[in-house]
There are 2 protein chains.
Amino acid sequence: MTSTRGNPGTDGTDGARGARGPGRRPGRTETREAILAAARELFAEKGYDGASLRAIARSAAVDPALVHHFFGSKEGVFIEAMRFPVDPAVLLPRIMAAPRERLGETMARTFLGVWQDPDRRAPILAMLRSAMTNERAAALMREFLTSALFARAGAATDVPRLRLQAAAGQMIGLVILRYVLRVEPLASASEDEMVELVAPVLQNYLG
Amino acid sequence: MTSTRGNPGTDGTDGARGARGPGRRPGRTETREAILAAARELFAEKGYDGASLRAIARSAAVDPALVHHFFGSKEGVFIEAMRFPVDPAVLLPRIMAAPRERLGETMARTFLGVWQDPDRRAPILAMLRSAMTNERAAALMREFLTSALFARAGAATDVPRLRLQAAAGQMIGLVILRYVLRVEPLASASEDEMVELVAPVLQNYLG
DNA sequence: GTCTATATGATGATAGAC
DNA sequence: GTCTATCATCATATAGAC
């Protein structure tokens with residue numbers, strides 16, 4: 001769900017649509033997605049400021065001006081590439097459906113599962129890296145966390161905001177050490193080891 | 001201790017040193033420190049890639065070429081500006097001198113105390129921001145964490161590496177939410193509130 | 001020690017040909 | 001839709017005058 005490619009209506013061959021008269025050009029089929037894929041990868045690797053439009057175009061084997069043609073500006077590419085890989089509105093209820101004494105384990109497994117999958121990891125990592133050095137991206141991420149995550153989780157439970165944020169902090173720090181700094185043995189630990197490690201902590205915060 | 005300014009022998013007025021013959025020029029007294037202060041601030045704010053030599057020079061009210069003259073290259077400025085604000089070799093023993101059942105609280109208070117102080121925070125924040133998007137900086141930080149922190153702490157206790165790193169992850173994620181993303185209410189929480197929040201978690205990892 | 005001048009190259013954005 | 005050409009900026013780094 002909410003996978004990286006295949007927005008409804010924009011993928012594939014345009015099927016048997018035929019001549020539709022004015023209004024809708026047949027284009028945007030292919031290179032657009034290629035550009036977005038390259039953008040996600042580069043933003044994830046270098047962050048917003050570090051990934052250049054030209055590098056994205058180069059990686060997509062496309063002319064830089066074409067990127068502009070499609071998305072208008074670098075920021076246009078970014079927000080389009082971020083279109084969310086992970087929707088808290090679907091993940092949160094799934095977590096909170098767990099029995100209360102296994103909330104920590106469930107949250108750990110869900111969160112780490114998303115990060116384990118390169119396709120879902122890329123946009124989040126891009127957001128995180130960008131937010132560290134770019135104020136606009138930081139504001140975007142703050143807004144996302146606050147309204148999509150903490151507000152939602154806070155409304156559905158009686159866990160104080162501070163505790164929700166401490167739990168989020170635990171997971172953010174963990175993935176930074178694992179996927180960005182690649183500190184051993186954490187970087188090579190199995191998902192099960194990590195769940196075992198942090199589940200009690202999350203349980204402490206949320207339980 | 002290990003404060004930001006005042007490396008022995010390089011600060012102040014050169015005292016009553018007088019004519020010392022060849023060998024040692026009287027220079028480097030003032031502008032050098034001004035450049036380093038500006039560098040720390042800008043690296044902390046924008047990370048290694050985002051902070052330009054020119055911006056550093058501008059902020060220090062100095063010619064860009066002078067920065068080169070002193071430090072040779074941008075990387076030279078960086079490592080000089082990083083010269084450590086915080087020495088685990090002095091902080092770790094202090095933490096581990098605490099009674100075992102208060103390890104978590106002591107670590108939390110020590111760590112948060114460092115981050116509360118802008119002068120000690122700046123170089124660490126600079127390192128962290130830089131490490132997120134620059135591979136050289138990431139390697140530097142990984143090396144620092146591994147050998148100066150985890151190895152030392154691992155040698156002095158029987159706490160497994162994974163647990164040490166999970167504890168570090170908790171604190172890193174917390175300061176990112178607090179100082180970089182500035183998520184509320186965490187960003188405005190008092191030191192005591194934060195200690196109360198995370199001390200049990202650290203105690204769980206280290207105890 | 002401090003500066004000007006410059007070499008060299010990348011960036012985001014735009015205008016407009018085909 | 002796709003491209004060339006170009007603008008205006010900014011970057012790191014160097015050589016060398018004073």
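This is a short tour of a predicted model with chains A and B, going from the interface to the empty spaces and then to a few local details.

**Stop 1: the interface**

Start by selecting the residues where the two chains touch. Here, 42 residues of chain B are in contact with 42 residues of chain A. Together the chains bury about 3,400 Å², and 69% of that lies on carbon and sulfur atoms. Now pick out Met132(B), Leu162(B) and Leu181(B): they supply 21% of the area that chain B buries against chain A, more than any other three residues.

Next, look for the polar side of the story. The rule finds two salt bridges across the interface of chain B and chain A. One to zoom in on joins the side chains of Glu135(B) and Arg182(A), at 3.4 Å from N to O. There are also 14 residue pairs in polar contact across this interface, both partners being at pLDDT 80 or more.

Which elements of chain B supply at least two residues each to the side that touches chain A? Color helix 1 (31-50), helix 7 (118-133), helix 8 (135-156), helix 9 (161-180) and helix 10 (191-206) of chain B to see them. Helix 9 of chain B gives the most, with 14 residues. By class, this side of chain B splits into 25 nonpolar, eight polar and nine charged residues.

**Stop 2: the largest cavity, in chain A**

Leave the interface and turn on a cavity view. A search of the whole structure finds three cavities of 30 Å³ or more, and the largest holds about 740 Å³ of space. To get there, center on Met107(A), Phe111(A), Phe144(A), Leu145(A) and Leu149(A), which lie nearest its centre among the 34 lining residues. Helix 5 (88-96), helix 6 (103-116), helix 7 (118-133), helix 8 (135-156) and helix 9 (161-180) of chain A each give two or more residues to the lining. Color that lining by class and you get 32 nonpolar residues, two polar and no charged ones.

**Stop 3: the largest pocket, in chain B**

Switch to chain B and select Pro88(B), Met107(B), Phe111(B), Leu145(B) and Leu149(B). Of the 35 residues that line the largest pocket, these lie nearest its centre. The pocket has a volume of about 770 Å³. Two or more lining residues come from each of helix 5 (88-96), helix 6 (103-116), helix 7, helix 8 and helix 9 of chain B. The class count for this lining is 32 nonpolar, two polar and one charged.

**Stop 4: a salt bridge within chain A**

Over all chains, the salt bridge count comes to 17. For one of them, select Glu75(A) and Arg136(A), whose closest N and O atoms are 2.2 Å apart. Glu75(A) sits in helix 4 (residues 74-82) of chain A and Arg136(A) in helix 8 of chain A, so the pair ties together parts that are 61 residues apart in sequence.

**Stop 5: the loops after helix 9**

Finish with some backbone geometry. In chain A, the peptide bond from Glu184(A) to Pro185(A) is cis, with omega near 10°, and Pro185(A) is in the loop between helix 9 and helix 10 (191-206). Arg182(A), already visited for its salt bridge with Glu135(B), lies in the loop between helix 9 and helix 10 of chain A. What is the sign of phi at Arg182(A)? Phi there is positive, near 50°, in a residue other than glycine.

Then hop to chain B: the bond from Glu184(B) to Pro185(B) is cis, with omega near 10°. Pro185(B) is found in the loop between helix 9 and helix 10 of chain B.

Technical notes
Residues are numbered from 1 along each chain as its sequence is written. Chains are lettered from A and ligands numbered from 1 in the order in which they are written. This is a predicted model: local features need pLDDT of at least 70, side-chain atom pairs count only at pLDDT 80 or more; totals for chains, interfaces and linings use all residues. Side-chain values use heavy atoms; hydrogens and water are left out. On a 1 Å grid over the protein atoms alone, a cavity is a set of points where a 1.4 Å probe fits but cannot get out, and a pocket is an open set with protein on both sides within 12 Å along at least five of seven lines; lining residues have an atom within 4 Å of a point. Grid points are joined across faces, edges and corners, and a volume is the space filled by probe spheres set on the points. Helices (H or I, at least four residues) and strands (E, at least two) are DSSP runs, numbered from the N terminus. Ala, Val, Leu, Ile, Met, Phe, Trp, Tyr, Cys and Pro count as nonpolar, Asp, Glu, Lys and Arg as charged, and the others, Gly among them, as polar. Contact means heavy atoms within 4.5 Å. Buried area is the accessible area (1.4 Å probe) that two parts lose on being put together, summed over both. A salt bridge is a side-chain nitrogen of Lys or Arg within 4 Å of a carboxyl oxygen of Asp or Glu. A polar contact is a pair of N or O atoms within 3.5 Å; within protein, one must be able to donate a hydrogen and the other to accept it, and residues adjacent in sequence count only if both atoms are side-chain atoms.
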